[in-house]
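Here is the note you asked for on the ligand sites, the pocket and cavity, and a few backbone details. Please read each point with the structure open beside it.

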Amino acid sequence: MSKKIFIKTFGCQMNEYDSNRIFDTVKEIGFVKTNNIEDANCYLLNTCHIRDKSKEKVYHEIGRVKKNFRLKTKPLVIVAGCVAQAENEEMLKREPYIDLVVGPQSYHEINDKIEDYLKEKKRLDVTEFDAISKFNYLEKIKNSSQKISSFLTIQEGCDKFCHFCVVPYTRGPEYSRPFGKIIDEAKILADNGVKEITLLGQNVNAYKNENYRLSDLIFEIEKIQQILRIRYTTSHPSDMTYDLIETYGKSKKLMPLVHLPVQSGSNKVLKLMNRKHIIEDYFKIYHELKKINSSIKFSSDFIIGYPGENENDFNDTLNLIKEIKFINSYSFIYSPRPGTVASKLELIDRKISLNRLKTIQKELFYQQTEMNKSLENNIINVLVENRTEESTKFFGRSEYMTPVILNANDEDVGKIVKVKINKSNQNTLFGEIIKNTKLKVA
Ligand code: SAH
Ligand code: SF4
Ligand code: F3S
């Protein structure tokens with residue numbers, strides 16, 4: 001029997017990386033990937049628990065699979081990721097259609113558990129925290145990513161326990177992978193044709209292995225000739241150490257976009273959130289980075305309507321946004337997460353939160369649109385990634401991660417080209433390649 005797996009991924013980049021590594025793993029026991037759910041005899045849902053009705057979304061999704069397979073042989077159904085970790089055996093009890101529940105620190109066990117299930121039909125929950133075994137195992141399995149831009153997890157878990165956040169409970173304590181193993185994986189990616197690496201961690205700038213820090217990793221990966229661009233996400237303001245800030249002045253491949261979640265512009269709210277940084281720290285980092293390289297730009301995450309946020313606190317957030325001029329940001333209304341400290345706090349009026357969200361999104365989207373507009377008629381560097389779905393145009397990204405749709409040729413894929421921007425909207429730039437030009441890049 002051919003074994004075909006269909007993988008659906010929700011959530012952050014770490015989940016995307018994990019889904020790819022899960023596929024590299026199940027390949028070892030004969031699975032091939034299918035993009036057509038109807039063909040699959042194994043359905044894996046990699047879940048996210050960060051906001052909203054994440055649990056219900058999972059049951060809803062499984063319900064759809066059930067319907068899809070009503071007249072066919074039931075596929076093996078696996079729920080992985082952060083909801084799996086949070087809910088564990090509850091999922092098996094509530095939904096008999098689910099066969100295996102596998103937490104993010106247990107992917108190294110997935111092949112054994114699948115094989116056991118196929119032999120004995122034993123439904124199982126595998127959700128212990130064991131980052132060391134997981135990475136030791138995954139290191140033996142070659143990362144098969146052949147995309148132009150690829151993720152590489154260097155750190156996982158979080159010890160910070162912000163009062164709103166479920167990540168320390170779903171991803172476990174902070175763990176940094178050994179320096180040498182990360183460099184080996186980066187080299188494999190480079191050999192596969194990868195040109196851009198985004199280093200991942202829930203607290204990526206807290207990376208620490210022996211005396212190696214994130215800055216050391218960046219300099220070492222920079223030595224790999226085929227790698228043209230390096231990024232990292234997501235960082236925490238209190239781990240923005242000076243060696244990392246200085247890296248922006250020395251590295252030739254580290255991109256000038258700093259994604260640094262601030263959550264709120266009010267020190268009172270930051271304290272209530274247990275963020276362990278104040279706004280003055282954030283500005284200090286901002287000014288130090290700008291001094292080193294004035295072309296650096298910022299993006300951030302915001303939580304609106306956190307319990308205790310009043311109109312003044314909200315205005316502090318709005319003023320911070322106006323001052324820093326973030327070029328791209330994520331903003332959401334606070335969503336209580338089971339088991340977190342803030343889940344017991346009284347919520348503020350939903351209508352007020354919605355209005356505040358609308359106000360800051362208007363400002364954020366305006367800044368984003370203006371930034372894109374300012375690039376019209378300028379020439380920028382774009383790393384070409386692939387053909388677009390309609391296949392007449394190509395897709396690439398600017399140094400600041402902005403998607404660029406351009407006219408190009410297949411031989412431009414994987415190269416950094418100079419692109420003249422003709423048009424823009426809030427999210428995307430449109431342009432054409434300029435060859436043999438001495439014109440200055442914006
Ligand atoms: N480690 C990163 C963030 C990881 S979670 C940091 O410290 O900033 C990604 C984003 O989800 C957070 O930055 C936050 O803005 C958002 N988020 C997390 N928990 C949330 C909640 N309960 N409600 C709304 N947004 C939340
Ligand atoms: Fe969550 Fe980030 Fe806070 Fe950790 S530092 S608890 S991942 S928001
Ligand atoms: Fe979601 Fe887990 Fe990532 S909760 S944001 S998938 S770490």
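1. For what follows on the pocket, helices (H or I, at least four residues) and strands (E, at least two) are DSSP runs, and they are numbered from the N terminus. The model is a predicted one, and its local features are reported where pLDDT is at least 70.

2. Which element gives the most to the lining of the second largest pocket? That element is α1, which contributes five residues; the elements that supply two or more residues to this lining are β1 (3-9) and α1 (13-27). The pocket has a volume of about 350 Å³, and among its 15 lining residues I7, S19, N20, K33 and K147 lie nearest its centre. Sorted by class, the lining holds three nonpolar, eight polar and four charged residues.

3. Where does the second largest pocket lie with respect to domain 1 and domain 2? Because domain 1 (3-130) and domain 2 (133-373) both give residues to its lining, the second largest pocket lies between them.

4. Around ligand 1 there are 15 residues, of which Q202, Q263, R275, D301 and S335 come nearest. The shell divides into six nonpolar, five polar and four charged residues. Several polar atom pairs can be inspected here: a nitrogen atom of ligand 1 is 2.8 Å from a polar backbone atom of Q202, a nitrogen atom of the ligand lies 3.0 Å from a backbone N or O atom of F164, and an oxygen atom of the ligand lies 3.3 Å from a polar side-chain atom of R51. Taken alone, ligand 1 exposes 540 Å², and the protein buries 89% of that area.

5. The surroundings of ligand 2 consist of C158, K160, F161, C162, F164, C165, V167, P168, N203, H236 and R275. By class, the shell around ligand 2 has seven nonpolar, two polar and two charged residues. A reader comparing sites may wish to note that R275 is listed around ligand 2 and is also one of the residues that come nearest among those around ligand 1.

6. Ligand 3 is surrounded by C12, N15, T47, C48, H49, I50, C82, R171 and Q202, a shell with four nonpolar, four polar and one charged residues. Q202 appears in this shell, and a polar backbone atom of Q202 is also 2.8 Å from a nitrogen atom of ligand 1.

7. How many cavities of 30 Å³ or more does the structure hold? There is one, and the largest cavity has a volume of about 60 Å³. Its lining is made up of L375, I380, N381, S398, E399, Y400, V441 and A442, which divide into five nonpolar, two polar and one charged.

8. Two backbone details deserve a look when the model is inspected. A cis peptide bond, with omega about 0°, joins T233 and T234, and T234 is found in the loop between β13 (229-233) and α10 (242-250). D52, a residue other than glycine, has a positive phi near 55°, and D52 lies in the loop between β3 (42-47) and α2 (54-68). As background, most residues other than glycine have a negative phi, and most peptide bonds are trans.

Methods
Residues numbered from 1 in each chain as written. Chains lettered and ligands numbered in written order. Predicted model: local features only at pLDDT ≥ 70, side-chain atom pairs only at ≥ 80, totals over all residues. Heavy atoms only, no water. Near = heavy atom within 4 Å. Polar contact = N/O pair within 3.5 Å; in protein donor to acceptor, adjacent residues only side chain to side chain. Areas by Shrake-Rupley, 256 points an atom, 1.4 Å probe, with all protein chains shown as cover. Nonpolar A, V, L, I, M, F, W, Y, C, P; charged D, E, K, R; others polar. 1 Å grid on protein atoms, 1.4 Å probe; cavity = no way out; pocket = protein on both sides within 12 Å on 5 of 7 lines; lining within 4 Å. Points joined across faces, edges and corners; volume = space filled by probe spheres on them. Domains from an automatic or database assignment.
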